[in-house]
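This report walks through one protein chain, beginning with its strands and ending with a few individual residues. Please keep the sequence and the picture beside you while reading.

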Amino acid sequence: MAAVRLDLISIFTKLEHIMNNIDSDSGRAFRSSPANPSAVPPATPAKPSVLRARLAKILAASGVRTAEDDGAPSHFGFGVDRIDAALRGNAGVDGLPRAALHELHAASKEDRTSAAAMALLMAQRCQTLGRDERPILWISESGEARRQGRLYPPGLAELGIDPDSIIHVDAPDSIAALRAAADGVRSSAMGAVIIELAGKRPKGLDLTATRRLSLSAQKSGVLSLCLRSGSDPENPLPTAAFSRWQVAAAPSVALEANAPGHPAFDISLLRHRSGLYGLSARLEWNRDDQVFREQQSEQNTPDIGAVPALSAVRADHQGARAA
């Protein structure tokens, strides 16, 4: 990696030299070279600090950790070697970049709770690897929360997530949710920001908004996750997300004595900035070890269909008042 950085710095130096030669005659129209080249003063190379700043932007966009990082891991993974190694891409580091925006789509409306659980567990993995105790900011539209249900603390505890570590924001609409997410991502006090948006075309969700979130994540180092439900994963809206995933609930494998198995998910990589595609797996979440494991066998799998992996409660449910 050091050799790559040196090569990039030398390229920047050469480009600066060329640009300075061009700009030396900026006050006049372009014309042929002077008759006496020795009369042209030598170009002044850019300061090393300028080159380092430009290099840092390029490396940040590629998910590569720079020397100015705070020492926290630049990437996080699922804990499955095959998947984490495949996600390396151009960065040279296993897993997904922490300081980036990632997008998760529920495969269907019935998979919304599983996609929500996956977003929380990805944030949890990022927190665990970095030994980070900062809270997770969850932002949702109040109308959608009334229709589909809110986060349920006992369900979070079953996944090994501390409900007290989550700050929930009820936004009146998608535009307000995006604004709240932009403020949250800019704050280094947050460990991760999850914004939940419903529908095929949420108002305000476009390249500009997601580009803003992506750039803010690069600067603050805050993991940003955009959770989509009711969207079309096969024909999604264009965004600036580093990666895009489809998540569906999957049947779990029963434990000994036919005890309920670990929550299971079917994940598929739809987009990756390094051009990766076609990656899919069935993962199980082990709450004790705080890690995903790839499901090896479907033997003893109950034929009951997919079960949502995250407990949820509707706002009009009697348990919602006591929570």
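In which sense do E9 and E10 pair, and over how many bridges? In this predicted model, E9 and E10 pair in the antiparallel sense, and eight bridges connect them. Within that pairing, Gln 246 has Ser 268 in E10 standing opposite. On another pairing of E9, the sense changes: E3 and E9 are parallel, with five bridges between them, and there Ala 106 has Val 247 in E9 as its bridge partner. E9 is also mostly covered, since seven of its eight residues are buried.

**The sheet as a whole**

These pairings belong to an open sheet of nine strands, whose order is E6-E4-E7-E8-E3-E9-E10-E11-E12 and whose pairing is mixed. At the edges stand E6, which spans residues 166–171, and E12, which spans 291–294, and each of these two pairs on one side only. From one strand to the next, the twist averages 30°. Further along the order, E10 and E11 run antiparallel and are joined by five bridges, and Ile 267 stands opposite Ala 281 in E11.

Helix H4 lies across E3, E4, E6, E7, E8, E9, E10, E11 and E12, and the helix runs at about 175° to E8.

**The nonpolar cores**

The largest nonpolar core has 39 residues, and those with the most contacts inside it are Phe 78, Met 118, Ile 194, Phe 265, Ile 267 and Phe 292. Several elements each supply at least two residues of this core, among them helix H4 (112–129), strand E3 (101–106), strand E7 (192–198) and strand E10 (264–272). The largest share, ten residues, comes from H4. There is also a second, separate core, which has 21 residues and includes Ala 171, Leu 178, Val 193 and Val 222.

**Four buried residues**

The table lists four residues together with their relative accessible areas, which can be compared with the cut-off of under 20% for a buried residue.

| Residue | Relative accessible area | State |
|---|---|---|
| Cys 126 | 8% | buried |
| Cys 226 | 6% | buried |
| Ala 192 | 1% | buried |
| Asn 286 | 11% | buried |

Two of the rows are cysteines, which raises a further point: how many disulfides does the count come to? The count comes to zero disulfides, where a disulfide would need a pair of cysteine sulfur atoms within 2.5 Å.

Which residues does Ala 192 touch, if residues up to four places away in sequence are not counted? Ala 192, which lies in strand E7, touches Ala 123, Pro 135, Ile 136, Leu 137, Val 222 and Leu 223 on that basis. Ala 192 and Ala 217 are 25 residues apart along the chain, and their C-alpha atoms are separated by 9.4 Å. Ala 192 counts as buried because its relative accessible area is 1%, where the cut-off is under 20%.

Asn 286 has its place in strand E11, and, leaving out residues up to four places away in sequence, Asn 286 touches His 262, Val 291 and Arg 293. Asn 286 is likewise buried, because its relative accessible area is 11% and buried means under 20%.

Definitions and conventions:
Residues are numbered from 1 along each chain as its sequence is written. This is a predicted model: local features need pLDDT of at least 70, side-chain atom pairs count only at pLDDT 80 or more; totals for chains, interfaces and linings use all residues. Side-chain values use heavy atoms; hydrogens and water are left out. A nonpolar core is a set of buried Ala, Val, Leu, Ile, Met, Phe, Trp, Tyr and Cys residues joined through side-chain atoms within 4.5 Å. Buried means under 20% relative accessible area, exposed over 50%, partly exposed in between (1.4 Å probe, protein chains only). Helices (H or I, at least four residues) and strands (E, at least two) are DSSP runs, numbered from the N terminus. Two strands pair if DSSP finds at least two bridges between them. Axes are lines fitted to C-alpha atoms, for helices over the stretch in contact, and angles run from 0 to 180 degrees between N-to-C directions. Contact means heavy atoms within 4.5 Å.
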